[in-house]
Amino acid sequence: MHRQTFKPHSLFFVFLILSLITLSAKARPVLLLISEDDLKESSPSSADEDSVIGESSDQDEFDDSDNKSEDEIDPGSWRRIFEPDSTAAPKSDEEDRYYSYVQKMILSVALDDPRLMEEAGSEIEAAAIGGFPHAQSALGFLYETGQTRERDERKAFLYHHFAAEGGNMHSKMVLAYTYLRQDMYEEAVKLYAELAEAAVASFLISKNSPVIEPVRIHNGAEENTEALRKSRGEEDEDFQVMEYQAEKGNAGAMYKMGIFYYFGLRGVKRDHAKALSWVLKAVDKREPRSMELLGEIYASGAGVKRNFTRAFEWLSLASKQQHFSAYNGMGYLYVKGYGVEKNYTKAKDCFQKAADNEAGGDYNLGVLYLKAIGVKRDLRTACNYFLKAATAGHPKAFYQLAKMSHTGVGLQKNLPMATALYRSVAERGPWISLSRWALESYLKGEMGKALLLYSRMAELGYEVAQSNAAWILDKYGEHSICLGESGFCTDAERHQRAHSLWWHASEQGNEHAALLIGDAYYYGRGTERDYDRAAEAYKNAKSKSNAQAMFNLGYMHEHGQGLPLDLHLAKRYYDQALKTDPAAKLPVTLALMSLWIRKNYADSFLIDFIDSLPDVCPKVGTWVSVIMDGGNVTILTLFICLLTVLYLRERQRRRAAVAAVEVVIPLHPDEHDVPAPN
């Protein structure tokens, strides 16, 4: 039997690029490095092994998942409201009432009716005080955002704590993110571990589930039209072409239609019934990927009655057509004894066939060696398999490496790394559906609903949601249907909320957010004016190679605002801005002219005149802002006026010089234009 071997030195540098931050965003991805030194050579104690393997001695435990439904994994989710075909029924009258309160809260922003939000808030508070955990989570959200009550982060934390104790997964995400922001890794890692385990339980058994990345609805100052065009679901031209091809009998298009409806991809509203219909049509044409997906549908019971026997049959048919990832699902069923007789040898054979062709097999082989399922326990070999799967982007492998890094078994104990790995998996859990619902609302023009959903998701720690919610507040202003402490948000409440969201996004590496935070402190928008903190924010954005931030730092050095007055450093920042972004040529050129004037005419009236120009020429600044997107309006306005003044002064000087030359100076009486005598 073929067995893949690993050489230790081949793992000396293994890069795990985690999708902690969307790659299409301006924020940079997080890069984690695992070196040979991180791989533990010493044999772990039995207690350490148990911490990884689990307290249960049941050897058939495989991936900590019984493939639960999303409603079971994410209790209290708003899925019942946004996906009415959800099969989960309320477990109690209390839960039924809770959903009616949430429905009223959502209806309030859809109808621009603050009164409904106040009613919903009061009802949610009463249910929360009564001890219902999901209502406690919703009340924590209202306190965090300052809706229908004064914003109070302490009360928000308290109610989220109670809700998390009661099993609400959204509140667990909130607490984990709160602890992470404060570098409290002992607390954060426990919560993210639990959340990651729940997320893994929602994944497919044969291959990776499609990653549903939150769509960034803006790219700085403007709407992200290209990303939004691709997210218009059934209205998207590409989707309509695919649907046409599927209706004409194209098996591949039929399969893709099934995938789109099953997962709700690219703005398509998730519909398990439509997904099943298209998958069955593709299966009739012997499309192997659709056979595998049908096996997954039967294994999960999504839209059909769960039937592991049928699941195994369809996975087997897919594997016979050389669709190798299906072997992972078959191996899983052999290990669990679902639909077939439990057989570890056959399970290992299936995983090996998969591993020869794709990363899922490596992950599953790693689990066998980790938990001694049909093989002798070998943590080193398990870790090597997980590392190989992780380099291919397998999220379940991240989860296993996180457990090893968390407990110090197989890898050196490293809580920050474990927390980052757990979080990368946890953020793929069912609660990411909030992003899909928010995007659907935004594309329909329902800004209040989109803002509410993005705000809820932002609280869970998703940087894209924080950025999107802040952008809606800034872009649409009072039309964002922002609800505050009493009725609609005041300008101060809206600016303060946007400032808080941008701040959170900037902490997670969003350079545009850092730039806007700097602007907020510089101009005093949503907070008190503070040049020192503005400079700090600009430096944060500058560290991510943001040309505008470099220019702003140069300007602050030039004027001694929040930074020492230093014309040499100012020039350095201006030069860096131009080098980073050639589009900055005009403002940088004007700024360098300003520096030259300050250096050569330091004691002249020109300096005072330059500094007073923003007040002298406001209309010019307004006009310039229309034609210059993102430029420094003050600088350009200043030099338009300055050059005019210098031109007039120079013309006056030249005229005076010409007049002086034309004056006839009389000669001395004794002087005559004659040759001197010899």
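Just after helix H16, Gly 337 adopts a positive phi of about 75°. The model is a predicted one, in which local features need pLDDT of at least 70, side-chain atom pairs count only at pLDDT 80 or more, and totals for chains, interfaces and linings use all residues. Residues are numbered from 1 along each chain as its sequence is written, and side-chain values use heavy atoms, with hydrogens and water left out.

**Helix H16 and its surroundings**

Helices (H or I, at least four residues) and strands (E, at least two) are DSSP runs, numbered from the N terminus. Helix H16 spans residues 326-336, and 11 of its 11 residues are buried, so the rest of the structure largely encloses it. Buried here means under 20% relative accessible area, while exposed means over 50% and partly exposed lies in between (1.4 Å probe, protein chains only). Among the buried residues of H16 are Tyr 327, Asn 328, Met 330, Tyr 332, Tyr 334 and Lys 336. The buried residues of this helix pack against H14, helix H15 (308-320), helix H17 (344-355) and H18, contact being defined as heavy atoms within 4.5 Å.

**The chain as a whole**

The protein chain contains 33 helices and 2 strands. Of its 678 residues, 53% count as buried. Among contacts between residues at least 6 apart in sequence, 60% join residues at least 24 apart.

Val 189, in helix H9, provides an example of such a residue-level environment. Val 189 counts as buried because its relative accessibility is 1%. Its C-alpha lies 9.5 Å from that of Leu 421, although the two are 232 residues apart in sequence. With neighbours within four places in sequence set aside, Val 189 is in contact with His 406, Leu 415, Ala 418, Thr 419 and Tyr 422.

**Two helix pairs**

Axes are lines fitted to C-alpha atoms, for helices over the stretch in contact, and angles run from 0 to 180 degrees between N-to-C directions. The axes of helix H18 (residues 359-371) and helix H20 (residues 395-407) come within 10 Å and cross at roughly 30°. H18 is therefore roughly parallel to H20. In this scheme, angles under 35 degrees count as roughly parallel, over 145 as roughly antiparallel, 65 to 115 as roughly perpendicular and the rest as oblique. The crossing of H18 and H20 is left-handed; a crossing has that hand if the near helix is turned anticlockwise from the far one by less than a right angle, and is right-handed if clockwise. On the H18 side, Tyr 363, Val 367 and Leu 370 meet Lys 396, Ala 397, Gln 400 and Met 404 of H20. The residues of this contact divide into 5 nonpolar, 1 polar and 1 charged. Ala, Val, Leu, Ile, Met, Phe, Trp, Tyr, Cys and Pro count as nonpolar, Asp, Glu, Lys and Arg as charged, and the others, Gly among them, as polar.

For helix H13 (residues 272-284) and helix H14 (residues 288-300), the axes come within 9 Å and cross at roughly 135°. These two helices are therefore oblique to each other, and their crossing is left-handed. H13 contributes Leu 276, Val 279, Leu 280, Ala 282 and Val 283 to the contact, and H14 contributes Ser 290, Met 291, Leu 293, Leu 294 and Ile 297. The contact residues of H13 with H14 comprise 9 nonpolar, 1 polar and no charged.

**Cysteines**

The structure holds 1 disulfide, a term that denotes a pair of cysteine sulfur atoms within 2.5 Å. Cys 482 and Cys 489 form the disulfide, with their sulfur atoms 2.0 Å apart. The angle about the S-S bond is -55°, and the link of Cys 482 and Cys 489 is left-handed. Relative accessibilities of four cysteines are tabulated below.

| Residue | Relative accessible area | Class |
|---|---|---|
| Cys 482 | 4% | buried |
| Cys 489 | 11% | buried |
| Cys 350 | 7% | buried |
| Cys 383 | 1% | buried |

**Positive phi outside glycine**

Most residues other than glycine have a negative phi. Asp 183 has a positive phi of about 60° although it is not a glycine; Asp 183 is found in the loop between helix H8 (169-181) and helix H9 (185-201). Ala 372 likewise takes a positive phi, near 55°, and its place is in the loop between H18 and helix H19 (379-391).
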